[in-house]
There are 2 protein chains.
Amino acid sequence: MSVRVAIMGATGAVGTELLKILDERKFPVGELRLLASKRSAGTTLEFKGEKITVQELTHDSFAGIDLVLASAGGSISAEFAPSAVKAGAVVVDNTSKFRMTEGVPLVVPEVNPEKIFEHKGIIANPNCSTIIMNLPIWPLHKLFGVKRIHAVTYQAASGAGARAMEELKQETRAVLDGTPFQPSVIPHPYAFNVFPHNAPWIESLGYNEEEMKMVNETKKIFGDPSIRVHATCVRVPVLRAHSEALNVEFSRDISVEEAYEVLRTAPGVEILEDREKNRWPMPLDASGKDPVLVGRIRKDISQPNTLDFWVVGDQIRKGAALNAIQIAEKLFA
Amino acid sequence: MSVRVAIMGATGAVGTELLKILDERKFPVGELRLLASKRSAGTTLEFKGEKITVQELTHDSFAGIDLVLASAGGSISAEFAPSAVKAGAVVVDNTSKFRMTEGVPLVVPEVNPEKIFEHKGIIANPNCSTIIMNLPIWPLHKLFGVKRIHAVTYQAASGAGARAMEELKQETRAVLDGTPFQPSVIPHPYAFNVFPHNAPWIESLGYNEEEMKMVNETKKIFGDPSIRVHATCVRVPVLRAHSEALNVEFSRDISVEEAYEVLRTAPGVEILEDREKNRWPMPLDASGKDPVLVGRIRKDISQPNTLDFWVVGDQIRKGAALNAIQIAEKLFA
């Protein structure tokens, strides 16, 4: 069997990672159609040593395509995903556009793979911070029942795309050289600085959209609207992996040892730490890697039944491209 | 009246800031004796346009001195503070050595200034992250009663001293240039990376010492051992101001507006935000400034009576040197 694949947003940070992972995981790619904006059309990208010319994305781009991997932004997905579905393709959408839409499955394959087969043409890939958080918390939730999660994030430039990563490097060099720099992608000074996530701020709630994604998507993925989720999302000058400090209250007593035991065999999770050396997961450890790294599990001394987890995951891989391809693998298995 | 001042650790990041602030605030310096390790003795530092030669710190360094500002590390304070007290000086100690010692006042002047006058020769200056957290929370605690604080930090290189700041810059340049770099101050890769705070890890608790300082010092400063405090301390590649995401549960209902109203007139605190522009306090805003910047106060949707605060303060100034000099000002007023 082979699958005819189209990639929307092929030239972006997630798009180029999709190409890499399709190759690495030997996904049965029949045809590969690379789609992007008019601006990027005509450029070439490599797949399995072959140069492929990027085509302009239009409503007629999807004839004969089985699978569309979409990561060109929410408004592009809103406009073109229906055309892809009409042409008979299944869209695995990396954008936030359809995630909370009734009837659209929102899937982390290690958590709710059964939802994949309920799709009506579109399957949504969750927010990167949500996926990274859900992976270690889900197996614990099944056994110990999560009551409340408070997630505080340390998010990398990659979440804002390849241009943001490049801008962070250029701006950092300018600061070190003492030369002026005018950012055009990230709205705040980013070199040697941190700031609450620049996703649109929802005045009625006081949360930003990134935080509300972690709140709402987790309830949908876990299939449990009673879980209380609170998030504080912050950008840090890191290139491509997100870190998260998770404070999790369970319904019943859970020891640090029990949590380690569960996570040692949890799919997609790797324990990485050297307690004697005070050495825990770091973004540089996770960059370019598949598993979500977990360590530094400890009891919260301020309240009962509560543990802390330090979690780090590659935002571009498991936070986006890898999760989408894992969904596609199950879909076409 | 004039005060004869000695500075222990005069050449460090806090030491040089002490000199700057003594001048800025027109502290009535009579004599100024700069003390440091043998290695730094003989170098000169400027104070009010005058060059002062650094002397080697010995047990005989304190004759005729009224005030010692100590920031040369815990073991140095342990060894030399008693000699200073014996010579008749009052020591305001920036290290952690005596903070939790029974009978040694631990003071944030905006919180518990009355404790200053209970000293027996040594007054302890709290940990930087503790001071920055305590400043906005104290006036709210008095009115609404804090039950639990969960603090998650984004700590700058300055907390590890001037050499760590320089190392972060050099290492970042090496990463951008693609040249190898071997750090000697910070034990982990720091450029474009984050890691749980490298303060010694306390195996029996699972917390590191930085976190336990925030827990224990807050209880002592607030004079209330019943407050439940939980902390997660993390270093980020920022040069000199700490940021903190504070999740605070109160004994009774408190609105976002009430919290803003209290903090608008709280001493040492400044509200800095532009809600329409999604713009909140950042380390670059706070660097070199006195007030602790607060913004982004919001209701935690996951549990009642709980608010979030985003707090940023200069680690070297209010987190260390400024707080120490404010204590000295009250002492010699």
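Q: How many residues does each chain bring to the contact?
A: This is a predicted model, in which local features need pLDDT of at least 70, side-chain atom pairs count only at pLDDT 80 or more, and totals for chains, interfaces and linings use all residues. Residues are numbered from 1 along each chain as its sequence is written, while chains are lettered from A and ligands numbered from 1 in the order in which they are written. Two residues are in contact if their C-beta atoms, placed from the backbone, lie within 7 Å. Counted that way, the contact takes 50 residues from chain B and 50 residues from chain A.

Q: Why do the copies meet through the same surface?
A: Look at which residues of chain B lie in the interface, and then check chain A for them. The copies meet through the same surface because the share of interface residues of chain B that are also interface residues in chain A is 100%.

Q: What turn lays chain B on chain A?
A: Copies are superposed by least squares on the C-alpha atoms of residues with pLDDT of at least 70 in both. The RMSD is 0.0 Å and the shift along the axis is 0.0 Å, with a turn of 180°. The two copies are thus related as by a two-fold rotation axis.

Q: Which strand residue in β2(B) is the bridge partner of B:V5?
A: Strands (E, at least two residues) and helices (H or I, at least four) are DSSP runs, numbered from the N terminus, and two strands pair if DSSP finds at least two bridges between them. Strands β1 and β2 of chain B pair in the parallel sense over five bridges. In β2(B), the partner of B:V5 is B:L32.
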